Structure formats: structure tokens, C-alpha cells
Amino acid sequence: MDHSRVPVLEALQEFRRRGDVVFGPPGHKQGRGADPRVAEIVGLDVFRSDVLSLNGLDDRRQSQGVLSQAQELMADAVGAEQAFFSTCGSSLSVKTAMLAVAGPGEKVLISRNAHKSVISAVVVNGVEPIWVHPKFDRERHIAHPPEPDDVRRRLEEHPDAKGMLLITPTDWGTCADIRGVARVCHEFGVPLIVDEAWGAHLPFHPDLPAWGMDAEADLVLTSVHKMGGAIEQSSVFHLQYDRVSPEALKQREDLLGTTSASSLVYATLDGWRRQMVQHGHELLDAALHRAERVRTAAADLPGLRPMGQEIVEEGLAAEFDPLKIVIDVRKLGISGMQAAEWLRAERHVDVGGSDSCRISASITHADDDATEEVLLDALRALVDRADTIERRPPVRLPEPSDLELEQAMLPREAFFAEVDHVPAERAAGRIAAEMISPYPPGVPAVAPGEVITDAVLDYLRSGVEHGVLIPDAADSSVKTLRVVSRH
């Protein structure tokens, strides 16, 4: 296919050339009504490019074929049979994908180290989650993706499951054996969905971890804004084989998706695909070398412990994305959250993630020598000034088994049940009616329907004392919890 073509961008360019005067949404009329004070900050071109697809570019029925052409080019670029764009982010794409393989009350295998958006999908869709627990790394206190044998055991226990949702890479860059998991799923006649939100770049360089479509997954979701070059909320479904119906996928997306799709998202997805096909290898090659320099330099700084290929050599993960710079900072006497706060406040460096043990920084094709040096200077300053950072009460990290809570009710039933609000000291043994997700990283410690334990309460409350945010709990201080009523 001709990857110099960018159908959405070309349609947007033609819309501007024609000078169409629109008497429908958006109300700012391509910036004519935008507040100049807003345009001064975000740029007038943002408004000029905000075009309702129905009138200016293409509609949901694809009457002009603009979107379908762009999607066909994307599929060709990454080796998928079909690709579909979503402008609602992968949080909604996960809900759509799960609905495409299982209806309310049906079973789906899900990695328990899933982000809260996945657990939200379980609640919204009403599926019964069959948790596949991740491989827990005690030394680093980090969860790596489950292995094929873990999936096999759960499918043997639940042969009526409709599919598997695998999260890889994790937020920390560790990757599953996708091909091994896919072959187990296919042996049982069910599809493998891969939430590859952090993996949009993977198809475009051979030294990166395996890409889901190449590793025999049926449906792969990517968030191109995370490691690619499209704007926030850009998401793509990649589909192959016949285990997931493209018709069902489109219908479920239509059920959940917006009817006012963003032309900005479509245009930047289209442009990023062209960039990667034409220049991706060289851009990612430079990024890989840059990441290796940063990792090596960080390893030479006292108190910092970067994570790398040893994760694979120790048999903890199948692969590791080298563009993720994950650094354990505990030897500095501080938490990753404290390190992230200090770097932002004192050096104006925003790392990509942090938790009680570590920070992470993503290196992409957009980085250059200047940003590399900014990051390294900030890390050097952190090491030099760590002893000036106020010590906080430590987070009492639970044993891995303490994070494997009993599922006593379906998440949807618990979430919508009659509830009581009980003091934390009386919550152990009760069934949670809410999600409780320590931020960062946003993986629920407690999901609706799970039985709350003293160990998890201790973890959550010590986290709050340390400064962990729990924004989705009814009481973010975790002094009280929302539980299923016994009445």
C-alpha cells in the first residue's frame, strides 16, 4: 500500500482549502468563536483542525471512505488483518473488546495486575472475571505478567471461559510470552485479547519486544499517545483470525463510543502511522541507543538501581521494553513517589510513573540530546539532595499472597448493591462495593466483590500516610470503606 498517503490529513487539508463555512458543531466554528486568551495558549490551529467528521471529513458510515482508507493503511503497517480507530482512549477500547467476546455473566480470564480501567470494564460489562494472578517479584515488589502455564490452569478450571485479556507490557515495561499464551488460548478454542496500551511502537523495530499481532494474538489494543506520536485518547483495535467477529467489535464500539469522534485524534493517528512506516526504524534505533545510555549512566549513580534485561535472565518476564527506564530508589532512603515529587518541584522533570519503590521514565522517538541530559542532570541532583528530602512513614508492603483476595460476588453485583460505609477497623471480612486503587500506579488493591482483609487495609492506610493518592475510593483517606450491606 502507498504509505505516503494520509487520508484523514488530506481530507482536513482539503476542508481548509475549500474554506467551508459550517453551520453545525463545533460551536467555535473552526476557531472563529474561540476566546483569544485560550487560542493564545493552545494555538488557533487546534480549533481550525477541530472538524466534525460528518460534514467536513467523513461520517461513521464512511460515506467518503476517508476513515476506512486510513484504517486499512494502519492494518497494513502493523501486520493486522483489520484496524479500527477509537477516539475515546484504550480505557473504553478495553470495555469494547471484552464485550466483543463475552456478554453479561459470561467468564473472561483477566490478569489481576490490570489497571483500574480494566476492572471498570468488568463492572460495566457484567462479565465474571477469572483472575490469572501475575508472577510476583518479591525482591523488587513488582508484578510481572502471568505465564502460559498460569493461563492453562485457569482454562482447565473454567473451560466455559470465553477468552483471555492479557496486559503486556506492564507500566514498568515487563512483557508476557504472548505467543505462548495465545497458543494455550487457541488450544482451548478461545481468543486472546492483548491490552498492549504501552506497545504501539513495538511493530516498528526488531529489537523491541514481540508485537501482539506477530505473536498470534487475536485482538490487540494500543494507546498510541503513550509511546507513539498521536495525541491523548488515541487508541487502535488491531484484529486478525476469526475468533473475534469484526462485526461484533464494530457494533460494541458503536454502542460505547462517541458519535462526535475527534478529527484531531484521527489525523494524528494517520500521520503517526506514516511517520513510523517511513522513518520508524531509524527513529526508534536512536531512541534505543539513548535509553541504553541513560540506563548505564543511572546505574553508575549511588543509590539508584535501574531495571533491565536481568528481569528476563532471572526468568521473571519473557521480555523487557528497553525504552522504559525503571529505577529503584529505595537505597536513597525515599520512595519512588517522593522522588517523583522532588523531581517535579525542584527540577521541573515529570517522570512517567512512580510507586513506593521506583520511578519510571519513557524514552521515545521524540527525545533528543537535550532531554537526555535534562533527565540525567535531574537524577544526579536527586542523588545529591536525597538526604534533604523529608522522611515519611514507610508503606507497609504486603506479601504477594495478601494481594490475592477472595472474589465473593461478581464485581458488577457488588458495585451496584446496597452499601454500608464502615470504619476501616471494622471493614475486614466485608465485601468491597468499590474500587480502591492506589495512585500511582492505578492497579486496584481491592476490586468490587472482593473480601477485604487486614493485610490489605494495613497496606492502604500506610500508603495514605505516606502520601499515596486513592482517588476512586468513596473516602480517599480510607478511614471508612464502602462495603456491601448485610441487610
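The legends below describe an overall view and several close-up views of a predicted model.

**Figure 1. Overall view of the protein chain, with its 17 helices and 17 strands.** The radius of gyration is 23 Å, close to the 23 Å that the globule rule gives for 487 residues, so the protein chain is as compact as a globular protein of that length. Along the principal axes, the C-alpha atoms fill a box of roughly 65 × 55 × 45 Å. Of the 487 residues, 56% count as buried. Among contacts with a separation of 6 or more, 71% are accounted for by residues 24 or more positions apart. The accessible surface comes to about 20500 Å², and carbon and sulfur atoms contribute 49% of this area. The protein chain carries 51 positive and 76 negative side chains, with the centres of the two sets 4 Å apart.

**Figure 2. Close-up of an open sheet of 4 strands.** The strand order is β11-β13-β15-β14, and the pairing is antiparallel. Strands β11 (305-307) and β14 (353-354) form the edges, each pairing on one side only. Strands of a sheet pair through backbone hydrogen bonds, in either a parallel or an antiparallel sense. Here β14 and β15 (residues 358-362) pair in the antiparallel sense over 2 bridges. Within this pair, Ser-354 stands opposite Ile-359 of β15.

**Figure 3. Close-up of His-348, in the loop between α14 (336-347) and β14.** Although His-348 is not a glycine, its phi is positive, at about 55°. His-348 counts as exposed because its relative accessibility is 69%, the cut-off for exposed residues being over 50%.

**Figure 4. Close-up of Glu-216, in the loop between β8 (192-195) and β9 (219-223).** Glu-216 is likewise a residue other than glycine with a positive phi, here near 75°.

**Figure 5. Close-up views of two cis peptide bonds, Pro-25 to Pro-26 and Thr-168 to Pro-169.** The bond from Pro-25 to Pro-26 has omega near -5°. Pro-26 is placed in the loop between α1 (7-18) and α2 (36-42). For the bond that joins Thr-168 and Pro-169, omega is about -5°. Pro-169 belongs to the loop between β6 (164-167) and β7 (174-175).

**Figure 6. Close-up of Asp-387, in the loop between α15 (369-385) and α16 (411-415).** With a relative accessibility of 62%, Asp-387 counts as exposed. Asp-387 and Ile-334 are 53 residues apart in sequence, and their C-alpha atoms are 8.7 Å apart in space.

Terms used:
Residues numbered from 1 in each chain as written. Predicted model: local features only at pLDDT ≥ 70, side-chain atom pairs only at ≥ 80, totals over all residues. Heavy atoms only, no water. Buried < 20%, exposed > 50% of the residue type's maximum accessible area, 1.4 Å probe, protein only. Rg over C-alpha atoms; globule rule 2.2 N^0.38 Å. Contact = heavy atoms within 4.5 Å. Areas by Shrake-Rupley, 256 points an atom, 1.4 Å probe, with all protein chains shown as cover. Lys, Arg positive; Asp, Glu negative; His and termini not counted. Charge placed at Lys NZ, Arg CZ, Asp CG, Glu CD. Pairing = 2+ DSSP bridges.
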